[in-house]
Amino acid sequence: MWFYLCNYHDMVDEVPEIGRFVSIVAKVHRESMGQEDRYGFDVPTHLANIPNDNSWQNSWESFFANLMIRMFQVEEKAHDRDEELEELKERILSKVVPRLLRPLETGGRSIKPCLIHSDLWPGNCMPDANTDEIIVFDSCAYWGHNESDLGSWRAPRYRLGKPYLKEYQRVMGVSEPRRDWDDRNALYAVRYDLLISALYPNSPYGLRFHDLAKQEMKRLVDKHPEGFDGFKEA
């Protein structure tokens with residue numbers, strides 16, 4: 001038998017103030033970098049009710065590919081089979097993921113795994129009603145690329161967007177190659193659209209996010225048809 005104890009906080013349902021919120025996220029990322037040299041986690045963690053594949057990997061490309069495969073598998077069960085999406089999945093895994101993530105750890109470049117919250121949307125990051133302290137909770141933790149924690153910020157539904165992304169870039173900088181920043185962020189964001197699709201099976205709301213994910217996947221596939229072979233050093 002297991003028990004879970006925590007403090008009760010009365011919280012305000014509003015978007016956290018940009019400077020304080022970003023500083024909290026950046027502090028966790030910065031102070032955890034270098035404490036682990038692989039990507040993954042010792043146990044499965046859950047994004048909503050969906051378990052991550054947290055199997056330890058030596059490269060970020062391999063670990064994130066496993067995250068996407070798991071999300072593809074779960075999302076596929078939520079709706080009727082979509083042949084166009086099936087083709088896009090294969091191209092995302094064989095072309096887009098290598099093109100955007102392999103350069104992070106090749107050509108003399110490197111990244112350090114840090115502790116990722118993995119579900120940083122305003123519903124999990126609220127000010128305390130009494131102290132105004134921002135409380136971040138309901139983590140789906142793993143050790144990964146710090147920028148992957150920003151995927152959910154891209155979505156307009158979460159009311160964070162470019163101001164929060166730019167503030168994070170100002171505080172933490174951008175992983176090299178810098179020119180891939182936006183497409184990396186888009187790739188990370190696709191996983192969250194697939195998540196919402198999976199959470200609302202056989203519903204118009206779920207299908208809306210199914211189509212949003214498919215649209216962004218198609219854009220990335222069309223932009224990077226050659227995969228890693230299309231990467232050119234600056």
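What covers the buried residues of helix 3? The cover includes helix 2 (60–76), helix 5 (181–199) and helix 6 (204–223), where covering rests on contact, meaning heavy atoms within 4.5 Å. Keep in mind that this is a predicted model: local features need pLDDT of at least 70, side-chain atom pairs count only at pLDDT 80 or more, and totals for chains, interfaces and linings use all residues. Residues are numbered from 1 along each chain as its sequence is written, and side-chain values use heavy atoms, with hydrogens and water left out.

Let's stay with helix 3. Helices here are DSSP runs of H or I with at least four residues, strands are runs of E with at least two, and both are numbered from the N terminus. Helix 3 takes in residues 83–101, and its 19 residues should span 27 Å at 1.5 Å a residue; the end C-alpha atoms sit 26 Å apart, which agrees. That expected span is 1.5 Å times one less than the number of residues. There's still a kink of about 45° centred on Ile-92, taken as the angle between axes fitted to the seven residues ending there and the seven starting there. At the N-terminal end, Asp-82 acts as the cap, with a side-chain oxygen 3.1 Å from the backbone nitrogen of Glu-84.

Ile-92 is also one of the buried residues of helix 3, along with Leu-85, Leu-88 and Leu-101, among others. Buried means under 20% relative accessible area, exposed means over 50%, and partly exposed is in between (1.4 Å probe, protein chains only).

Now for the interior. A nonpolar core is a set of buried Ala, Val, Leu, Ile, Met, Phe, Trp, Tyr and Cys residues joined through side-chain atoms within 4.5 Å. The largest one has 36 residues, and those with the most contacts inside it are Trp-60, Phe-64, Ile-92, Leu-101 and Leu-187. Helix 2, helix 3, strand 3 (114–116), helix 5 and helix 6 each supply at least two of its residues. A second, separate core of 15 residues includes Leu-120, Ile-134, Leu-150 and Trp-153.

Look next at the loop between helix 4 (161–172) and helix 5, where you'll find Ser-175. Ser-175 counts as buried because its relative accessible area is 13%. Its side chain makes a polar contact of 2.8 Å with that of His-145. A polar contact is a pair of N or O atoms within 3.5 Å; within protein, one must be able to donate a hydrogen and the other to accept it, and residues adjacent in sequence count only if both atoms are side-chain atoms.
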